[in-house]
Amino acid sequence: MRAARSKIAARAPAHPGATGPRRAVRLLVLDVDGVLTDGRLLYGARGEELKSFSVRDGHGLKALRSAGIEVAVISGRRSAAVRRRCRELGIRHLIEGAEDKLAAFVRLASRLKVRPAQCACIGDDVPDIPLMRAVGLSYAVADAHPAAKRAARRATALSGGSGAVREVCDLLLAAGGRKR
Ligand SMILES: [Mg+2]
């Protein structure tokens, strides 16, 4: 009995929680529509595009960057509202109009000298799936398309635009970001 116990102990990591994939995350990549927002596109009278963002998501993203985890936004669309939100949050890596999000991510990761295994992403729909498969840790928001949920490693409890991003930020912070 004692021998069996010691075998189990030998297989267990020395510091559970310190060796999981979240511990190694250096870059979090976000989709915009359906992740940072609820996915709805609102158009004003002059044709301007309006989006609503979660203030709580913003606090989480700032905390993440303070902990040494970089944040990037890769969107298939172009939006002045997104550019403004990224400026507010100090997000320096915004790629807009990305028809191929995986290709955009690979170029960015190379430039930042991070391996895909050190990256996490949050997505909500089919265009995010190749990126989800490339990174070390992928999340689909709670209200993601079923195909994106199947492709992602995990699903958030909260929906896009309603705290899903903050939820992932808190998980990554709890796992321990790199201290600056
Ligand atoms: Mg989306």
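Start with helix α4: Ala103, Arg107, Ser110 and Arg111 are exposed on one side of it, where exposed means that 12 or fewer other C-beta atoms, placed from the backbone, lie within 10 Å of the residue's own, buried means 20 or more, and partly exposed covers what is in between. Helices here are DSSP runs of H or I with at least four residues and strands are runs of E with at least two, numbered from the N terminus. This is a predicted model, so to speak of local features takes a pLDDT of at least 70, side-chain atom pairs count only at pLDDT 80 or more, and totals for chains, interfaces and linings use all residues. Numbering starts from 1 along each chain as its sequence is written.

Now turn α4 over. Its buried residues are Lys101, Ala104, Phe105 and Ala109. Seen down the helix axis, they fall within an arc of 130°, so they line one face; the arc is taken over the directions from the axis to the C-beta atoms. They pack against β1, β4 (70-74), β5, β6 and α5 (129-134), with a contact being two C-beta atoms, placed from the backbone, within 7 Å. Just past the end of α4, Lys113 has a positive phi of about 60°.

Next comes the sheet. It is open, with six strands in the order β5-β4-β1-β6-β7-β8 and parallel pairing; for two strands to pair, DSSP has to find at least two bridges between them. At the edges sit β5 (93-95) and β8 (154-155), each paired on one side only. Helix α7 (residues 164-175) packs on this sheet, touching β1 (27-30), β6 (119-123) and β7, and its direction makes about 160° with that of β6. That angle is between N-to-C directions on a scale from 0 to 180 degrees, using lines fitted to C-alpha atoms, for helices over the stretch in contact.

Strand β6 deserves a look of its own. Five of its five residues are buried: Cys119, Cys121 and Gly123 on one side, Ala120 and Ile122 on the other. Four bridges join β6 to β1, and Leu30 stands opposite Ile122 there. Towards β7, β6 again has four bridges in the parallel sense, and Ile122 stands opposite Tyr139. From β6 the chain crosses through α5 to β7 in a right-handed β-α-β crossover, meaning that with the strands pointing away from the viewer, the path from the first strand over the helix to the second runs clockwise. Follow Tyr139 one strand further and its bridge partner in β8 is Arg154.
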